[in-house]
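Reader: I am new to this one and would like to know how its labels are earned. Could you show me the structure and walk me through them?

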Amino acid sequence: MSAYVEALIQRQLERERLRELIEDAEAAHGPVDQAAVEAKRALLRGDASGSADAA
């Protein structure tokens with residue numbers, strides 16, 4: 001049980017750190033383009049319908 005709780009805490013801390021990094025990047029560079037994010041996801045999934053020009 002203790003290892004499970006420790007893993008949950010570590011995951012939450014990682015999410016909080018990631019959120020801080022995203023907020024810092026958005027403050028410096030503006031918000032992300034959701035269409036570009038979806039295109040990158042499609043490329044990572046190997047989805048042929050994803051837009052290659054957003055890469």
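**How the labels are earned**

Author: Gladly! Beyond its neighbours within four places in sequence, Glu 26 is in contact with Pro 31 and Val 32. Glu 26 itself sits in helix H1, which covers residues 2–29. Do keep in mind that this is a predicted model.

Reader: Why is Glu 26 called partly exposed?

Author: Its relative accessibility is 29%. Buried means under 20% and exposed means over 50%, so Glu 26, at 29%, falls in between and counts as partly exposed.

Reader: What makes the pair Arg 41 and Glu 38 a salt bridge?

Author: Their side chains meet at 2.8 Å, N to O. The cut-off is 4 Å, so this pair qualifies with its 2.8 Å. Both residues lie in helix H2 (residues 34–45), three residues apart, about one turn of the helix.

Reader: And why is Arg 41 called partly exposed?

Author: Arg 41 has 43% relative accessibility. That value lies between the 20% and 50% limits, so Arg 41 is partly exposed. Its partner Glu 38, with a relative accessible area of 37%, is partly exposed too.

Reader: Which other side chains meet in a salt bridge?

Author: Those of Arg 45 and Asp 47, at 4.0 Å, N to O. The structure holds two salt bridges.

Reader: What makes Arg 45 exposed?

Author: Its relative accessibility is 57%. Exposed means over 50%, so Arg 45 earns that label. Asp 47, at 32%, is partly exposed.

Reader: How many helices and strands are in the chain?

Author: There are two helices and zero strands. Of the chain's 55 residues, 5% are buried.

Definitions and conventions:
Residues numbered from 1 in each chain as written. Predicted model: local features only at pLDDT ≥ 70, side-chain atom pairs only at ≥ 80, totals over all residues. Heavy atoms only, no water. Helix = DSSP H or I, 4+ residues; strand = E, 2+ residues; numbered from the N terminus. Buried < 20%, exposed > 50% of the residue type's maximum accessible area, 1.4 Å probe, protein only. Contact = heavy atoms within 4.5 Å.
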